[in-house]
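Here's a quick tour of a protein model, written for someone just starting out with structures. Have the sequence and the 3D view open as you read.

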Amino acid sequence: MAVSARSWVANEGGKHLVLMLWLGTNTWLFLNTFLLYSTGPQYHYLYKMLGLGLCISRASASVLNLNCSLVLLPMCRSLLTFIRGAHAVSTRKTRRLLDKSKTFHVACGVAICIFSVVHVSAHLVNVVNFSESYSDDFPALNLARYRGEDPKVIILTTIPGITGVVLVLILLLMFTSSSYCVRMFNYEIFWYTHNLFIVFYIILMVHMVGGALKYQTNIEAHPPGCLGANQSSTEQQGEALDQAEDEESRCREDAHFQPHDPQTWLWVSGPLCLYCVERVYRYIRSRDPVTIVTVIRHPCDVIELRMLKKNFIARPGQYIVLNCPGVSSFENHPFTLTTCPTANKETFGIHLRVVGDWTERLTQLLLPPPRIDLEILPIMQPRRYPKLYVDGPFGSPSEEVFNYDVSLCVAGGIGVTPFACVLHALLDGRRGFRLQRLYFVWVCRELQSFYWFAELLCNLYEKLWKENRPDYFNLKLYVSQTDSLQGMAEERYRTLASRLQVGRPKWKLLLDEIGKSNNHKQVGVFCCGPKGISRTLHRLCNSARSCGTTFEFNKESFS
């Protein structure tokens with residue numbers, strides 16, 4: 001399948017530009033620091049003692065400082081949501097780049113792990129060289145206390161060595177627990193180990209306090225390589241043949257050395273303070289529990305939760321982070337809003353699928369099984385819900401649905417939730433947006449899943465029909481499992497039954513049809529569902545089309 005340059009630039013150009021800038025900055029920083037320590041006169045004697053291990057360790061440290069500062073920025077969700085919402089500050093291209101914040105966070109994390117291996121390996125070589133190349137001429141340069149000291153003793157008796165070991169252990173825990181299999185098997189392991197980043201940054205800023213590496217401070221009075229009384233007789237005999245008569249090669253004073261002031265805090269203090277301020281702001285904003293209005297059990301293990309919170313304002317497509325102390329005080333889970341507060345309705349809602357321990361325990365608290373004694377002797381008691389805390393709302397790619405002339409929303413199963421809020425906004429009569437036509441494709445395994453939002457779809461269709469805008473909303477439903485398929489027999493769901501197809505969508509034909517109906521336009525494609533669907537759509541959006549239509553791909557993912 002041919003790739004369209006125009007479509008590729010629209011979908012991949014921005015993120016690849018940022019990637020190249022990031023890689024270029026890392027490369028420049030590495031090479032610049034490497035050359036500084038290999039050719040800089042202030043590091044002449046230290047380089048002579050340690051060799052390439054010095055250059056590689058310091059160059060990798062510079063890259064680590066950069067990425068340890070950048071890795072925090074994508075996790076400032078409130079800041080990213082503000083930038084996304086401030087249309088005067090950000091363009092649509094900029095907002096689409098913000099959707100890749102999680103990917104950038106992962107890239108920085110991988111870079112930290114790779115260059116940590118390089119940094120540790122180089123320093124292991126340095127420790128051996130400190131022991132074997134003990135300098136009698138410049139005792140101040142030595143990290144070892146005597147020639148031939150055990151490198152393991154040097155590591156375990158110095159501040160850089162001890163803190164370095166602890167940092168490696170923390171990073172190893174965070175890296176292994178971030179793998180997909182661990183997160184799917186037990187999310188709590190990922191959550192708790194990832195919060196070790198607080199300890200990581202504290203130790204990181206202490207790491208350089210020991211002053212293991214020193215530079216020369218009196219280069220003018222003691223040019224590197226000059227002859228002086230502090231040199232050994234062997235060096236003097238070897239160099240005196242050519243330089244004995246050269247008075248300028250004589251040292252006016254002994255070489256003086258001092259350790260660098262710690263610089264890591266200069267890199268990480270800004271992003272770290274910004275992140276801490278955000279966390280405090282989010283804690284203050286979410287400290288009041290929400291009021292649970294209704295809890296509804298839907299088919300296929302889906303729970304609808306309607307809540308009320310003072311001064312809660314959200315836009316269609318955004319998501320919240322839910323915390324239930326009755327289940328776990330430190331565990332938070334993101335859920336897309338399916339209804340937003342409006343001028344006439346202050347409640348907001350989410351739909352969550354009961355999958356995993358956390359959602360199962362939450363469901364048991366929200367909808368406890370009836371007590372046997374109350375069934376024998378019914379007593380009217382008010383339902384008591386557990387405390388819930390809501391953090392957010394936060395921005396997501398689905399907010400951009402209204403900012404295209406034509407949008408295609410593709411949902412797989414419970415992935416319909418971001419678009420349910422968009423449909424609710426259309427039903428509530430939201431005005432002042434750019435959207436002129438909406439294509440909505442929903443693929444489910446089981447027919448019962450469509451009942452989650454059957455009323456919403458029917459009501460929206462009827463509303464647009466009464467307004468004489470039947471072409472505004474194009475609906476297609478697909479059910480993949482044909483077991484016990486009886487169709488939507490209810491009279492009120494006749495609209496949906498006529499648009500229900502068995503099997504999977506033919507994506508290429510669907511996009512070609514949309515492209516021909518919208519010649520030379522930009523179509524926003526929004527996907528929330530299984531990876532198979534998103535990969536197929538992503539590939540098709542980058543392919544060439546004769547109609548000149550550009551499909552801009554947007555994938556829903558929680559940060």
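Leaving aside residues up to four places away in sequence, Arg-306 touches Thr-291, Ile-292, Val-293, Thr-294, Thr-339, Phe-348 and Gly-349. Keep in mind that this is a predicted model. The bullets below start with Arg-306 and then move on to backbone oddities, a pair of helices and some ring contacts.

**Around Arg-306**

- You'll find Arg-306 in strand E4.
- Is Arg-306 buried or exposed? Neither, really: its relative accessibility is 21%, so Arg-306 counts as partly exposed, given that buried means under 20%.
- Arg-306 and Ile-350 are 44 residues apart along the chain, yet their C-alpha atoms are separated by 6.7 Å.

**Backbone oddities**

- As background, most residues other than glycine have a negative phi, and most peptide bonds are trans.
- Asp-301 goes the other way, with a positive phi near 55° even though the residue isn't glycine. Look for Asp-301 in the loop between strand E3 (291-298) and strand E4 (302-308).
- Asn-468 isn't a glycine either, and its phi is positive too, at about 60°. This residue lies in the loop between helix H17 (454-466) and strand E11 (473-479).
- Asn-468 has a relative accessibility of 65%, so it counts as exposed, the cut-off for that being over 50%.
- Which two residues does a cis peptide bond join? They are Gly-392 and Pro-393, with an omega of about 10°. Pro-393 is part of strand E8 (residues 389-394).

**Two helices side by side**

- Two packed helices are described by the angle between their axes and the distance between the axes.
- For helix H16 (residues 417-427) and H17, the axes come within 10 Å and cross at roughly 35°. The crossing of H16 past H17 is left-handed.
- On the H16 side, the contact is made by Ala-420, Leu-423, His-424, Leu-426 and Leu-427. H17 brings Leu-456, Leu-457, Asn-459, Leu-460 and Lys-463.
- Sort the residues of this H16–H17 contact by type and you get 7 nonpolar, 2 polar and 1 charged.

**Rings meeting rings**

- How many aromatic pairs does the structure hold? There are 22 of them.
- One of these aromatic pairs is Phe-200 with Tyr-201, which is edge-to-face: 5.8 Å centre to centre, with 85° between the planes. Both Phe-200 and Tyr-201 are buried.
- Phe-419 and Phe-440 also pair up: their ring centres are 6.4 Å apart and their planes sit at 75°, so this pair is edge-to-face, since the label needs planes over 60 degrees apart.
- The Phe-419 and Phe-440 pair links distant parts of the chain, 21 residues apart, with Phe-419 in helix H16 and Phe-440 in strand E10 (residues 437-444). Phe-419 and Phe-440 are both buried.
- Phe-419 and Phe-440 belong to one aromatic cluster, together with Trp-442, Phe-450, Trp-452, Phe-453 and Phe-473.

**Charges over rings**

- Where does Arg-92 lie? Look over the face of Tyr-404, where Arg-92 is 4.0 Å from the ring centre.
- Lys-531 lies over the face of Tyr-180, at 4.8 Å from the ring centre.

Conventions: Residues numbered from 1 in each chain as written. Predicted model: local features only at pLDDT ≥ 70, side-chain atom pairs only at ≥ 80, totals over all residues. Heavy atoms only, no water. Helix = DSSP H or I, 4+ residues; strand = E, 2+ residues; numbered from the N terminus. Buried < 20%, exposed > 50% of the residue type's maximum accessible area, 1.4 Å probe, protein only. Axes fitted to C-alpha atoms, helices over the stretch in contact; angles between N-to-C directions. Left-handed = near helix turned anticlockwise from the far one by under 90°. Contact = heavy atoms within 4.5 Å. Nonpolar A, V, L, I, M, F, W, Y, C, P; charged D, E, K, R; others polar. Phe/Tyr/Trp six-rings, centres within 6.5 Å; stacked < 30°, edge-to-face > 60°. Lys NZ or Arg CZ within 6 Å of the ring centre and 35° of its normal.
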